[in-house]
Amino acid sequence: MASGYIVNRGALTLGIHCHRVCRNISLAQVRGKKRWMRAYTSLMARKLKLEGPPPPKPRSQQPHWDYHAEVRAFSVRLQENFTLDLLKTAFINPCYLQAEQERRQGLGVDPETTALVLKDNIQLSKKGAGFTKSFLTDWCRASFPSLPSEGVDSIVGHLTSSTLVAHVAKHLGIEDLTMSAECPVPDDVLHSTFMAVIGALQESSGGPQTGFFLRDFLATQLIGKDLFDMWTVVNPMGLLVEELTKRNMPLPEPRLIRSAGASTVLPLYFVGLYSDKKLLAQGPGETLVAAEEEAARVALRKLYGYTENRRPFDFSQPQQHQQPLIQSVSSN
């Protein structure tokens, strides 16, 4: 009896001890989230809402940046043979040199000591812009021989605009390498930097290789673009009359082909243009005048060879007309 009492008491003591140990372990566990985390997160969110996001920081001021390696990688990534010194000069804008000079003078350093031995990209940018305009003009005339000079100038102006060139430059990684006084880099500075890169490529690899570069990265931006989105024509019917007169064709005659919902708030008219009893084109519109203008635009696209169902550009291989074209541009 006594031995049984001693065994039961020992088991009870052991159970109490185990319960205390487990209780101590449960109290020593670490929380998944700190108690101060919620207040800190709420404070940071409120601060972000009041002050706004932090200003952007250039890639060169962020960690793990090697400018020399990045410039060399840029040349290898595009599979172009750049002269490294010319390529580095192409990324240096005058605004960066001026801002850096003012910053160093603000530190109270001697002006002779703060002088920067760097050359800006003004000359390279002018050379690249001239070559780009000449090459794209000749390429458009070769691709669309029936297009008048006004249309060619409009297409070239669209391809060399600051917005489109800045879009291409950002996707090529030029923005991260551009030395500019502002961050993010403005479109006009990106435009001049891209043209400077073209000038550096022309001096490094010659005109033909630079022409292929422009064809691959700028001329491809015409894919999916409508002609009259780039070329603003106020009076398409008058332009169509001029084009037909030059070709000794009868003047167009507009006729209403069909209509729907004429007595509703959303009418639809289809107008066809006939020349010598042959249908030139037809176009829809909410009014007869709008339908006639759209039909005139469709007829102009057919005359100029800039239709939606035209043969696509062959960018995989150099076209036959491009070799003498590039040679004529490089000789200038």
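This report describes the fold, the strands, one helix, the largest pocket and some backbone details of a predicted model.

**Overall make-up**

The protein chain holds 332 residues, of which 34% count as buried. Its secondary structure consists of 16 helices and 3 strands. Among the contacts with a separation of 6 or more, 61% are between residues 24 or more positions apart.

**The three strands**

Strand β1 covers residues 253-260 and runs antiparallel to β2, with 7 bridges joining the two. Within this pair, Glu-253 stands opposite Tyr-274 of β2. On to the next pair: β2 and β3 are also antiparallel and are joined by 7 bridges. Here Leu-273 stands opposite Ala-281 in β3. Strand β2 thus takes part in both pairings. Most of β2 is covered, with 6 of its 8 residues buried.

β2 and β3 form a hairpin with 2 residues between the strands. Asp-276 lies in the loop of this hairpin, between β2 and β3. The phi of Asp-276 is positive, about 55 degrees, although the residue is not a glycine. How accessible is Asp-276? Its relative accessibility is 54%, and a residue counts as exposed over 50%, so Asp-276 is exposed.

**Helix α15**

Helix α15 takes in residues 288-304. Its 17 residues, at 1.5 Å a residue, should span 24 Å, and the end C-alpha atoms are 24 Å apart, so the two values agree. Which residues of α15 are buried? They are Ala-291, Ala-295, Ala-296, Ala-299, Leu-300, Arg-301 and Tyr-304. The cover over these buried residues includes two helices, α13 (227-230) and α14 (236-246), and two strands, β2 (268-275) and β3 (278-285). After α15 comes Gly-305, which has a positive phi near 75 degrees.

**The largest pocket**

The largest pocket contains about 390 Å³ of space. It is lined by 18 residues, and those closest to its centre are Pro-58, Ser-60, Thr-178, Ser-180 and Cys-183. By type, the lining divides into 9 nonpolar, 4 polar and 5 charged residues. Which element supplies the largest share of this lining? Helix α10 (residues 174-177) does, with 3 residues.

Cys-183, one of the residues closest to the pocket centre, is also part of a cis peptide bond. The bond runs from Cys-183 to Pro-184 and has an omega near 0 degrees. Pro-184 is found in the loop that links α10 to α11 (187-205).

**Backbone angles in the loops**

A second residue that is not a glycine but has a positive phi is His-64, at about 60 degrees. His-64 sits in the loop between α2 (37-51) and α3 (67-77). Is His-64 buried or exposed? The relative accessible area of His-64 is 77%, so this residue is exposed, the cut-off being over 50%.

The table sets out the residues with a positive phi described above.

| Residue | Phi | Place |
|---|---|---|
| His-64 | about 60 degrees | loop between α2 and α3 |
| Asp-276 | about 55 degrees | loop between β2 and β3 |
| Gly-305 | near 75 degrees | follows α15 |

Terms used. Residues are numbered from 1 along each chain as its sequence is written. This is a predicted model: local features need pLDDT of at least 70, side-chain atom pairs count only at pLDDT 80 or more; totals for chains, interfaces and linings use all residues. Side-chain values use heavy atoms; hydrogens and water are left out. On a 1 Å grid over the protein atoms alone, a cavity is a set of points where a 1.4 Å probe fits but cannot get out, and a pocket is an open set with protein on both sides within 12 Å along at least five of seven lines; lining residues have an atom within 4 Å of a point. Grid points are joined across faces, edges and corners, and a volume is the space filled by probe spheres set on the points. Helices (H or I, at least four residues) and strands (E, at least two) are DSSP runs, numbered from the N terminus. Ala, Val, Leu, Ile, Met, Phe, Trp, Tyr, Cys and Pro count as nonpolar, Asp, Glu, Lys and Arg as charged, and the others, Gly among them, as polar. The expected span of a helix is 1.5 Å times one less than its number of residues. Buried means under 20% relative accessible area, exposed over 50%, partly exposed in between (1.4 Å probe, protein chains only). Contact means heavy atoms within 4.5 Å. Two strands pair if DSSP finds at least two bridges between them.
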